[in-house]
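Please open the structure in your viewer and keep the selection tool at hand. The tour below moves from one selection to the next and says what is to be found at each stop.

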Amino acid sequence: MAIETAVEPTVGNITGPHPGDVIVTDNLWKTYEMGDQQVHALRGVNLRIRHNEYVAIMGPSGSGKSTLMNLIGCLDSPSQGKYWLNGHDVSELNDDELARIRNKEIGFVFQTFNLLARATSLHNVELPLIYNGTPAAERTARAKAVLESVNLGARMMHKPNELSGGQRQRVAIARALVNHPSIILADEPTGNLDSKTGDEIMGLFDELHAKGNTIIVVTHEPDIAEFAHRIITIRDGVIAGDHASPRRQNQSQ
Ligand SMILES: Nc1ncnc2c1ncn2[C@@H]1O[C@H](COP(=O)(O)OP(=O)(O)O)[C@@H](O)[C@H]1O
Ligand SMILES: [Mg+2]
């Protein structure tokens with residue numbers, strides 16, 4: 001675990017985004033202040049993820065996965081370094097600007113689904129469109145279409161407690177998709193599911209990837225990571241490994 005004082009982050013060589021890059025980071029640092037101590041959760045992460053990649057981020061507890069997800073997902077800003085999302089430098093935006101980018105560009109999927117308990121599937125999926133002011137008729141039409149695309153056409157009027165875990169996660173995935181985001185960011189999406197249902201959800205990510213989506217899945221389960229095509233390992237706040245998944249290597253033989 002990384003608690004230190006008086007370590008100065010160095011400033012890296014800014015390479016910047018190329019056409020087709022969705023995520024580029026240059027020497028990304030995140031330092032949390034804890035009283036008079038500093039916790040360097042990320043210590044110089046350089047990452048490049050291109051459009052339509054399918055990436056798993058792995059690493060032990062405390063290695064910085066959630067911190068990196070929060071930065072990639074525009075939930076937080078780096079202490080140092082640059083982050084370009086779709087070619088735009090978002091490393092120095094304020095909270096309101098980050099919120100706007102987040103709603104437009106990022107589709108989040110969480111371990112605990114994070115659905116509104118009293119709302120129907122349809123309403124849950126419509127929510128991001130309500131936030132960005134989409135007119136009601138278009139909202140409903142788009143939410144219905146995306147629920148049908150995840151095979152929940154027959155469950156639109158059900159509330160979360162009337163659905164199985166796998167169905168709830170599919171509602172959450174539909175909600176993540178409804179704004180046509182640049183990235184789907186999933187944090188332990190199968191963590192609350194049995195392994196068969198988890199594999200079904202990963203099968204759905206496979207389909208979304210085949211349709212052209214860019215997908216990033218954080219997981220500590222190797223079986224789940226192997227659904228992705230590229231596996232990035234993070235350790236003590238730096239990238240310790242970055243390679244094609246065994247499944248992908250088999251496919252290309
Ligand atoms: N808000 C915070 N304040 C202080 N330290 C934090 C905070 N969030 C995370 N950390 C520390 O940063 C390091 C990385 O944490 P985290 O990104 O949550 O790792 P992971 O998701 O891989 O378990 C850990 O040492 C953790 O204790
Ligand atoms: Mg975490």
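Begin with helix α3, residues 121-131, in what is a predicted model, and colour its buried residues, which are Ser-121, Asn-124, Val-125, Glu-126, Pro-128 and Leu-129. An α-helix has 3.6 residues a turn, so residues three or four places apart point the same way. If you now add α2 (95-105), α4 (136-149) and α5 (165-177) to the selection, you will have the helices against which the buried residues of α3 pack. Just past the helix, select Gly-133, which follows α3 and has a positive phi, near 80°.

Before going further, colour the model by confidence. The mean pLDDT of the protein is 91, and 92% of its residues reach 70 or more. Residues 1-13 call for caution, since pLDDT stays under 50 over this stretch, for which the model has 21 contacts beyond four places in sequence.

**Two loop asparagines**

Select Asn-114 next, in the loop between β7 (106-110) and α3. Its phi is near 55°, a positive value in a residue other than glycine. Most residues other than glycine have a negative phi, and most peptide bonds are trans. Is Asn-114 buried or exposed? Asn-114 counts as exposed because it has 12 C-beta neighbours inside 10 Å.

Then move to Asn-151, which lies in the loop between α4 and α5 and likewise has a positive phi, in this case near 65°. Asn-151 counts as partly exposed, because 13 C-beta neighbours lie inside 10 Å.

**The parallel strands**

Turn now to strand β8, residues 183-187, and display its side chains. In a regular strand the side chains alternate between the two faces of the sheet. In β8, Ile-183, Leu-185 and Asp-187 point one way and Ile-184 and Ala-186 the other way, and all are buried. Because five of the five residues of β8 are buried, the strand is largely enclosed by the rest of the structure.

On which strands does β8 pair? With β7 it pairs in the parallel sense over five bridges, and Ile-106 stands opposite Ile-183 in β8. With β9 it is joined by five bridges, and these two strands also run parallel; here Ala-186 is the residue that stands opposite Val-217 in β9. To follow the connection, trace the chain from β8 through helix α6 (residues 195-210) to β9, a β-α-β crossover that is right-handed.

While α6 is selected, pick out Asp-199, which lies in this helix. Asp-199 is partly exposed, because 16 other C-beta atoms are within 10 Å. Adding Asp-223 gives a pair that is 24 residues apart in sequence and 9.3 Å apart in space, C-alpha to C-alpha.

Strand β9 itself, residues 214-218, is the next selection, and five of its five residues are buried, so it is largely enclosed by the rest of the structure. Both of its faces are covered, with Thr-214, Ile-216 and Val-218 buried on one side and Ile-215 and Val-217 buried on the other. Strand β4 (residues 54-58) pairs with β9 in the parallel sense over four bridges, and Val-55 stands opposite Ile-216 in β9.

**From β4 to the ligand**

Continue from β4 into the loop between β4 and α1, where Ser-61 is found. Ser-61 counts as exposed because it has 8 C-beta neighbours inside 10 Å. For a sense of scale, draw a distance from Ser-61 to Glu-162: the two are 101 residues apart along the chain, and their C-alpha atoms are separated by 33 Å.

Next select β2 and β3, which run antiparallel and are joined by eleven bridges, with Val-24 standing opposite Arg-48 in β3. The two strands form a hairpin with two residues between them, and Gly-35 in the turn has a positive phi of about 60°.

Finally, select ligand 1 and the 14 residues around it, of which Tyr-32, Ala-41, Lys-65, Ser-66 and Thr-67 come nearest. Which elements supply at least two residues each of this shell? They are β2 (21-34), β3 (37-50) and α1 (65-72), and α1 gives the most, with three residues. Colouring the shell by residue class will show six nonpolar residues, seven polar and one charged.

Terms used:
Residues are numbered from 1 along each chain as its sequence is written. Chains are lettered from A and ligands numbered from 1 in the order in which they are written. A residue is near a molecule or strand if its C-beta atom, placed from the backbone, lies within 6 Å of it. Ala, Val, Leu, Ile, Met, Phe, Trp, Tyr, Cys and Pro count as nonpolar, Asp, Glu, Lys and Arg as charged, and the others, Gly among them, as polar. A residue is buried if 20 or more other C-beta atoms lie within 10 Å of its own, exposed if 12 or fewer, and partly exposed in between; C-beta atoms are placed from the backbone. Two strands pair if DSSP finds at least two bridges between them. A crossover is right-handed if, with the strands pointing away from the viewer, the path from the first strand over the helix to the second runs clockwise. pLDDT is the predictor's confidence in each residue, from 0 to 100. Two residues are in contact if their C-beta atoms, placed from the backbone, lie within 7 Å.
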